[in-house]
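Visitor: Please take a close look at the site around the ligand. Which residues line it, and what do they offer?

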Amino acid sequence: MTSARLKRVEESATIRISNIANRMAKDGVDVINFSLGEPDFNTPKNICDAAAKAMYEGMTHYAPSAGIPELRTAIAEKLRTENKLDVTEAEVLVTPGAKQAIFEIMMGVLADGDEALLFDPAWVTYDACIRFAGADTVWVPTTPEKGFIPEDFSEYITDKTKLIVANTPGNPTGGVFGKKTLKCIADLAIDHDLLVVSDEIYEKIIYDREHISIGSLEGMQDRTITVNGFSKAYAMTGWRLGYLTAPPEILKLLQKIQSHSVSSATTFVQYGGLEALQGPQDKVTEMVDRFRMRRDILIDGLNNLGFNCKKPEGAFYAFADVSEFGSGTEVAEKLLKEAHVAVTPGIAFGPSGENFLRISYATSVDRISEALERMEKVFS
Ligand code: PLP
């Protein structure tokens, strides 16, 4: 009585771990939760005020399915100036979160038996959405020695390959793709006539590196779907607001999926997004500075414990090799049971993550320091 397609998809490991941690916390255990991908900061007040004002002014009705015109225009302007993408407002689709954008893309462009390339390790939802669409994931291994940055991967491309997902800065490794890597992906996409889905949701959370949009490289405009959102840069995870830009014929298909499923992103939330883009950006800089400080404390602490962890250049995750102490799953279980510290086993993000843990440092310095002390007791 159930869909075979759904049986191919597993529960999100990040949400599963977080649920266990929440249950323990409910039972009175002081769990330090490093498993979730959300900033612990509040949404900046000017954004909340703009959404509240819109709500009180009656922006509580259905919005146009593709998004309110003001926000589509502001997003197109941002993509042109910051990302060097040649985009008009008609080529922007506002979605209820970047996750919904990725779901719509996979459902819109993949068919049964198609193949999609993921650089291993990759965020859990890509594989799930590829499977929802009836297609198959082909994992392209990357290595910690090379900072999990892909190199020539032409051997993984077949007649069935339809698209490549590029996520920079990346979840779970915090890796940043430079121009050379993006050019290599672009060249292969052009040579083999493939689409690239570029998930740039962490673009603003980047340390001493420049973010480059692959869609701005020569020959990529017509084969890139760029995804972004407000959750990470503006601490707006619960608002559910994201967007994508795609070549017109693909955008039309995705609009169809959106209008017949979720209809649109919430109307007054979109006014909050407009303020996020057009208002002051100092809170973003402040958050990134605080993430940087936490990153430095966490990475030093993890390496002192005997974990092997390079400094990530973006996002807010440490991806630590724990093979000295067991597999990622074994160490994560031990940490949860004995130190009451919740982290995500790297295997959740693909086969290359087997001996790794993903540790989200979207948590205060005090909690990071306390977690490191607890971990030291378990592993010393
Ligand atoms: N893309 C990546 C790489 C993510 O890590 C996440 C959230 O964890 C998302 C997209 C989803 O973002 P949103 O909250 O806009 O759905």
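Guide: Ala, Val, Leu, Ile, Met, Phe, Trp, Tyr, Cys and Pro count here as nonpolar, Asp, Glu, Lys and Arg as charged, and the others, Gly among them, as polar. By that scheme the shell around the ligand holds five nonpolar, four polar and four charged residues. This is a predicted model, in which local features need pLDDT of at least 70 and side-chain atom pairs count only at pLDDT 80 or more, while totals for chains, interfaces and linings use all residues. Residues are numbered from 1 along each chain as its sequence is written, and side-chain values use heavy atoms, with hydrogens and water left out.

Around the ligand there are 13 residues (a residue is near a molecule if one of its heavy atoms lies within 4 Å of it). Those that come nearest are A98, D199, S231, K232 and R240.

Next, the polar contacts, meaning pairs of N or O atoms within 3.5 Å. A98 takes part through its backbone, where an N or O atom lies 2.7 Å from a ligand oxygen. R240 uses its side chain instead, placing a polar atom 2.7 Å from an oxygen atom of the ligand. N171 also contributes a side-chain N or O atom, 2.7 Å from a ligand oxygen. On its own the ligand has 400 Å² of accessible area, and the protein covers 93% of it (areas by the Shrake-Rupley method with a 1.4 Å probe).

Conventions. Polar contact = N/O pair within 3.5 Å; in protein donor to acceptor, adjacent residues only side chain to side chain.
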